[in-house]
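Here's a quick briefing to read alongside the structure. Keep the viewer open and follow the strands as we go.

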Amino acid sequence: MGAFRLGDELDDYCTRCHLLTNHSVVAIVEDAVKKVRCRTCNHEHDYRQGQGGQKKTKKASAYEQVLASVLAGKEKEAPVPAAPVRRRTRPASLTPRRPMRPR
Ligand SMILES: [Zn+2]
């Protein structure tokens, strides 16, 4: 094994083209091709050894992965609390500045 190097060209099934197209190796893990990029549409996906019959991933999974990685790069997705904070005291703007004088 270990026949491939980064940037090498190989044939694989592109999930976007739905074709067997030329791909570039973009990721190798333990001498095995992990990820490839389609040279036709630049779609990056896991190397599937030319087999496109099995649908393990969703349509937008690659895009979601990129999106998730971008979000993870900034900060972890923290849910913003939507519940308003309870006011314990009245804000000063609600109190009348001038006391009302009896006529
Ligand atoms: Zn493609």
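In the hairpin of β3 and β4, which residue takes a positive phi? That's N42, with a phi near 60°, and the hairpin has five residues between its strands. Keep in mind that this is a predicted model. The picture to hold on to is an open sheet of four strands, ordered β1-β2-β3-β4, with antiparallel pairing.

**The sheet as a whole**
- The strands line up as β1-β2-β3-β4, and the sheet they form is open.
- At the edges you'll find β1 and β4 (44-46); each has a single partner strand, so one side of each has no neighbour in the sheet.
- Going from one strand to the next, the twist averages 50°.

**β1 with β2**
- β1 covers residues 9-14 and β2 covers residues 19-29; the two pair in the antiparallel sense over six bridges.
- To find the register, start from C14, whose bridge partner in β2 is L19.
- Four residues sit between the strands of this hairpin, and H18 is the one to click on for a positive phi, near 55°.

**β2 with β3**
- β3 takes in residues 32-38 and runs antiparallel to β2, with six bridges joining the two.
- Three pairs let you walk along this ladder: H23 stands opposite C38 in β3, V25 is opposite V36 in β3, and I28 has V33 in β3 as its bridge partner.
- The hairpin here has two residues between β2 and β3, and E30 in the turn shows a positive phi of about 50°.

**β3 with β4**
- Three bridges hold this antiparallel pair together on the map, linking β3 to β4.
- For a marker, look at R37, which stands opposite E44 in β4.
- The link between these strands is the five-residue one from the opening question, with N42 at its positive phi near 60°.

**Turn residues to revisit**
- If you're checking backbone angles, have another look at H18 in the β1 and β2 hairpin, with its positive phi near 55°.
- Then go on to E30, in the turn between β2 and β3, where phi is positive at about 50°.

Definitions and conventions:
Residues numbered from 1 in each chain as written. Predicted model: local features only at pLDDT ≥ 70, side-chain atom pairs only at ≥ 80, totals over all residues. Pairing = 2+ DSSP bridges. Axes fitted to C-alpha atoms, helices over the stretch in contact; angles between N-to-C directions.
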